Amino acid sequence: MKELAPQSAVTDHLAILSDAIRVRMLAVLEGRELTVTELCDVLQLPQSTVSRHLKTLSDGEWVVSRRDGTRRLYVLSVSEMESFPKELWEVVRDQVKHSSAASDDDRRLKHILAKRRTKSEEFFSSAAGQWNRLREELFGATSHLRAMVGFLDPEAVVGDLGCGTGNVSEWLAPFASRIIAVDDSKEMLKTAKQTLNGHRNVEVRHGSLEKLPIDNAELNVAVLMLVLHHLAEPQLALSEAARVLKRGGRVLILDMLSHDREDYRQTMGHVWLGFSEKQTGRWLSDAGFKDMRWRLLPPEAGARGPSLFVATARRA
Ligand SMILES: C[S@@+](CC[C@H](N)C(=O)[O-])C[C@H]1O[C@@H](n2cnc3c(N)ncnc32)[C@H](O)[C@@H]1O
């Protein structure tokens, strides 16, 4: 049976809605946040009157407010209302929405909202040439790219294969259901464990990419970031990645495009001087992947290494 509102609540709500100004206020505040000054402009009323009615509406829990820097914003949030006041409001709103007062308020409201947009447009028309630098100054060079991890399916189990010091797993951990980070260097794993300490959904495992310590079809995503060029036989690691991925699961490779920096073999133990699109495609397809997508990454300012590519493919 439907739960009835107590009688005192019914009369309190009716008292609040018995005032024409409060009803106009609720109509303009429904689903949108406005400041007191904006409300004054829309309703063409002095601040003292608007503030007095807002207090009544706040006390009666018809509007909620929040602070935004130095200003306070008010809103009527229908989705958060209890069923009785919500139904009551729907009846009242239907009765007043075609009144001339409501149409006038609506016209002025549109004007106020357009003014907000103009302010933002004015800023961007003057900042167009500087926005990239400004964003970098405010939020760093990679914040927008880090946000892209949000596309990851929250149910995904991800393998960070050749995890090194664990910084890729650290980025992914808040967005994935579980991460299995694998590396064969005990020293790297020691650092990875420190980096990933506190991420309870990350498991660090010691093992080689040619014989992964991961069960068949345990992963939805396998990441091989800057690791293939270290392997004697990259094909073996890709076959292993295919084994531990579920059908339809995705592999993501970040690595260097073919280059001629021979010294990397000595200085960093590179076995391969990068890879071409053709080479990567052949190995992926031999390992049982399909739908390969291969893209060169645009060079980053200040980076001194060879060009990088990203390849993704789906486990067939
Ligand atoms: C250049 S680091 C990249 C680390 C990390 N993926 C990143 O992007 O920061 C390469 C890592 O692969 C690991 N590695 C190299 N060969 C491996 C193998 N056969 N099996 C497991 N890990 C390996 C190394 O120990 C090292 O930690």
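## Close-up views of a predicted model

**View 1. Welcome to the shell around the ligand, whose residues divide into 7 nonpolar, 7 polar and 3 charged.** Please keep in mind that this is a predicted model. In all, 17 residues surround the ligand. If you would like a place to start, look for the closest ones: Gly 162, Asp 183, Leu 209, Glu 210 and Met 225.

**View 2. Here we turn to backbone atoms of Gly 162, Leu 209 and Asp 184 and their distances to nitrogen atoms of the ligand.** For Gly 162, a backbone N or O atom lies 2.7 Å from a ligand nitrogen. Leu 209 has a backbone N or O atom 3.0 Å from a nitrogen atom of the ligand, and for Asp 184 the distance is 3.3 Å. How much of the ligand does the protein bury? Taken alone, the ligand exposes 590 Å², and the protein buries 81% of that.

**View 3. Now meet two helices that pack together, α2 (residues 20-29) and α4 (residues 47-59).** Their axes are 10 Å apart and meet at an angle of about 80°, which means that α2 is roughly perpendicular to α4.

**View 4. A closer look shows the residues that make the contact between α2 and α4.** From α2 come Ile 21, Arg 22, Met 25, Leu 26 and Leu 29. Helix α4 contributes Thr 49, Val 50, His 53, Leu 54, Thr 56 and Leu 57. Sorted by kind, the residues of this contact are 7 nonpolar, 3 polar and 1 charged.

Terms used: Residues numbered from 1 in each chain as written. Predicted model: local features only at pLDDT ≥ 70, side-chain atom pairs only at ≥ 80, totals over all residues. Heavy atoms only, no water. Near = heavy atom within 4 Å. Polar contact = N/O pair within 3.5 Å; in protein donor to acceptor, adjacent residues only side chain to side chain. Areas by Shrake-Rupley, 256 points an atom, 1.4 Å probe, with all protein chains shown as cover. Nonpolar A, V, L, I, M, F, W, Y, C, P; charged D, E, K, R; others polar. Axes fitted to C-alpha atoms, helices over the stretch in contact; angles between N-to-C directions. Helix = DSSP H or I, 4+ residues; strand = E, 2+ residues; numbered from the N terminus. Parallel < 35°, antiparallel > 145°, perpendicular 65-115°, else oblique. Contact = heavy atoms within 4.5 Å.
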